[in-house]
Amino acid sequence: MAGKFLNLDDDDLDPPLAPKIGSGLKSKPKKPRPKADATAVAAAGKAHGFDRSTEVVVPVQAQRRGRPPLNEVMTYWRIYVSAEFREELNKLRDEEGRRLNDVLVDMLAAYRKSKT
């Protein structure tokens, strides 16, 4: 016990032996991350209808008629068509703003008229 009276043997100038809490986070190396190209992000957003500008934008597509009236009986029908034909139908639908059902009705009428 000699020399221990009133902690005379402690040296306040030495750093503490135990590291401080959280000190490992400061020395942890961070991986560099490349920043996103703002113009590429804006171009990708614009392609899908999202824009950061506050200007009024005129929609490119014509407005579609929307859902059928409530009194019109409709049935879900799944068909398989080629990708090219589907793109042509979608383009026609978007340009004229008509439902695909209306386009198919007109196609059937034109087919029946050509057969007679």
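**View 1. A nonpolar patch on the surface of a predicted model.** Trp77, Ile79, Val81, Phe85, Leu100, Leu104 and Met107 come together here as a nonpolar surface patch, and their accessible area adds up to about 640 Å². This is a predicted model, where local features need pLDDT of at least 70 and side-chain atom pairs count only at pLDDT 80 or more, while totals for chains, interfaces and linings use all residues. Residues are numbered from 1 along each chain as its sequence is written, and side-chain values use heavy atoms, leaving out hydrogens and water. A patch takes residues with over 30% relative accessible area and no salt bridge, joining nonpolar side chains (Val, Leu, Ile, Met, Phe, Trp, Tyr) within 5 Å and like charges within 9 Å. A salt bridge here is a side-chain nitrogen of Lys or Arg within 4 Å of a carboxyl oxygen of Asp or Glu. Areas come from the Shrake-Rupley method with a 1.4 Å probe; for residues, only the protein chains shown count as cover. Helix H4 gives the patch its largest share, 3 residues.

**View 2. Val81, a patch member in a loop.** Look for Val81 in the loop between H2 and H3. Its relative accessibility is 37%, so Val81 counts as partly exposed (buried is under 20% relative accessible area, exposed over 50%, partly exposed in between, with a 1.4 Å probe and protein chains only).

**View 3. Helix H3 and its two sides.** H3 covers residues 83–96, 14 in number, and spans 20 Å from first C-alpha to last, close to the 20 Å expected at 1.5 Å a residue (the expected span is 1.5 Å times one less than the number of residues). Leu89, Asn90, Arg93 and Asp94 are the buried residues of H3. Seen down the helix axis, they fall within an arc of 130°, so they line one face of H3; the arc is taken from the directions from the axis to the C-beta atoms. Helix H4 (100–115) is part of what covers them (contact means heavy atoms within 4.5 Å). On the other side of H3, the exposed residues are Glu84, Glu87, Glu88, Lys91 and Glu95. Just past the helix, Gly97 has a positive phi of about 70°.

**View 4. Ala42 in helix H2.** Ala42 sits in H2, residues 38–47, and counts as partly exposed at 40% relative accessibility. Its C-alpha is 7.6 Å from that of Arg52, 10 residues away along the chain.

**View 5. The whole chain.** The chain has 4 helices and 0 strands (DSSP runs numbered from the N terminus: helices H or I, at least four residues; strands E, at least two). Of its 116 residues, 9% count as buried.
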